[in-house]
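Hi everyone, thanks for coming. Today I'd like to walk you through one protein chain, so please have a look at the picture with me.

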Amino acid sequence: MADQQQQQTTVTKPEMRKPVFKKVEQLKPGTSGHNLVVKVVTSTTVLQKGRPGTQQQKPRQTSIAECLIGDETGTILFTARNEQVDLMKADSTVILRNAKIDMFKGSMRLAVDKWGRVEVTAPAEFVVREDNNLSLVEYELVNVAE
């Protein structure tokens with residue numbers, strides 16, 4: 001009995017997968033898990049409001065910004081929330097990890113939720129292609145009868 005307790009089972013951790021980075025033009029509606037290296041072209045705050053705190057909660061600031069981001073293949077609108085707004089400054093280069101495509105009024109928006117990450121990185125060498133804005137393409141939901 002004591003021998004069984006002393007024996008340790010070796011549990012091998014699965015190897016971490018290397019992130020696969022995509023280009024903006026490869027993004028499609030309804031997809032998620034995207035990793036991208038992009039430059040911020042513009043950043044516009046669209047909502048900034050505070051909520052007073054109670055005895056249980058501290059006051060909370062909510063801010064949302066729409067940022068036009070892109071790489072050498074195209075641009076897309078990115079919805080930055082709260083702490084992300086401070087990182088999304090014009091002309092900065094950021095790495096978006098585990099980003100997802102949200103649909104807003106029929107067009108694609110890129111967002112990073114609590115499962116993803118936004119990191120500022122060294123300036124990239126590419127020039128943003130601003131004539132291919134994927135957020136200007138309007139999509140329509142079509143139900144397919146089986």
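Let's begin on the surface, where Met103, Val137 and Tyr139 make up a nonpolar patch. Taken together, these three residues have about 240 Å² of accessible area. Please keep in mind that we are looking at a predicted model. One member of the patch, Met103, sits in strand β4, which covers residues 93-104. Is Met103 buried or exposed? It falls in between: Met103 counts as partly exposed because its relative accessibility is 39%.

Now let's step back to the whole chain. How many helices and strands does the chain have? There are two helices and six strands. Reading from the N terminus, the order of the elements is α-β-β-β-α-β-β-β. The chain has 146 residues, and 33% of them count as buried. Its accessible surface is about 10,900 Å², and carbon and sulfur atoms account for 50% of that. Here is a number about how the chain folds back on itself: among contacts with a separation of 6 or more, 61% are between residues 24 or more positions apart.

Next, the inside. As a general rule, nonpolar side chains in soluble globular proteins tend to be buried together. In this model, the largest nonpolar core has 22 residues. Which of them have the most contacts inside the core? They are Ile69, Ile76, Phe78, Met88, Leu96 and Leu110. Several strands contribute to this core: β1 (32-51), β2 (60-71), β3 (74-81), β4 and β5 (107-111) each give at least two residues. The largest share, four residues, comes from β4.

Let's zoom in on Ile69. If we skip neighbours within four places in sequence, Ile69 is in contact with a long list of residues, including Val38, Val40, Gly74, Ile76, Phe78, Met88, Leu96 and Leu110. There is also a second, separate core of six residues, and among them are Leu68, Leu77, Ala124 and Val128.

Now for two residues that are not nonpolar. Ser63 belongs to strand β2. With a relative accessibility of 9%, Ser63 counts as buried, because the cut-off for buried is under 20%. Who surrounds it? Leaving out neighbours within four places in sequence, Ser63 touches Leu47, Gln48, Ala80, Arg81, Asn82 and Val85.

Gln84 is the other one, and its place is in helix α2, residues 83-87. Gln84 is buried too, since its relative accessible area is 13%. Beyond its neighbours within four places in sequence, Gln84 is in contact with Phe78, Thr79, Val112 and Val118. You may remember Phe78 from the list of residues with the most contacts inside the largest core. We can also look at Gln84 and Ala65: they are 19 residues apart along the chain, and their C-alpha atoms are separated by 8.7 Å.

Let's turn to backbone angles. Most residues other than glycine have a negative phi. Which way does Asp91 go, positive or negative? Asp91 has a positive phi of about 75°, although it is not a glycine. You will find Asp91 in the loop between α2 and β4. Asp91 counts as exposed because its relative accessibility is 69%.

Asn98 also has a positive phi, of about 55°, and is not a glycine. Where is Asn98? Its place is in strand β4. Asn98 is partly exposed, as its relative accessible area is 32%.

That brings us to our last residue, Gly33, because Asn98 is one of its contacts: not counting residues up to four places away in sequence, Gly33 touches Asn98 and Ala99. Gly33 lies in strand β1. With a relative accessible area of 41%, Gly33 is partly exposed. And here is a final pair to find in the picture: Gly33 and Val112 are 79 residues apart in sequence, and 9.4 Å apart in space, C-alpha to C-alpha.

That's the tour. Thanks for listening, and I'm happy to take questions!

Terms used: Residues are numbered from 1 along each chain as its sequence is written. This is a predicted model: local features need pLDDT of at least 70, side-chain atom pairs count only at pLDDT 80 or more; totals for chains, interfaces and linings use all residues. Side-chain values use heavy atoms; hydrogens and water are left out. Patches are made of residues with over 30% relative accessible area and no salt bridge: like charges are joined within 9 Å, nonpolar side chains (Val, Leu, Ile, Met, Phe, Trp, Tyr) within 5 Å. Accessible areas come from the Shrake-Rupley method with a 1.4 Å probe; for residues, only the protein chains shown count as cover. A salt bridge is a side-chain nitrogen of Lys or Arg within 4 Å of a carboxyl oxygen of Asp or Glu. Buried means under 20% relative accessible area, exposed over 50%, partly exposed in between (1.4 Å probe, protein chains only). Contact means heavy atoms within 4.5 Å. A nonpolar core is a set of buried Ala, Val, Leu, Ile, Met, Phe, Trp, Tyr and Cys residues joined through side-chain atoms within 4.5 Å.
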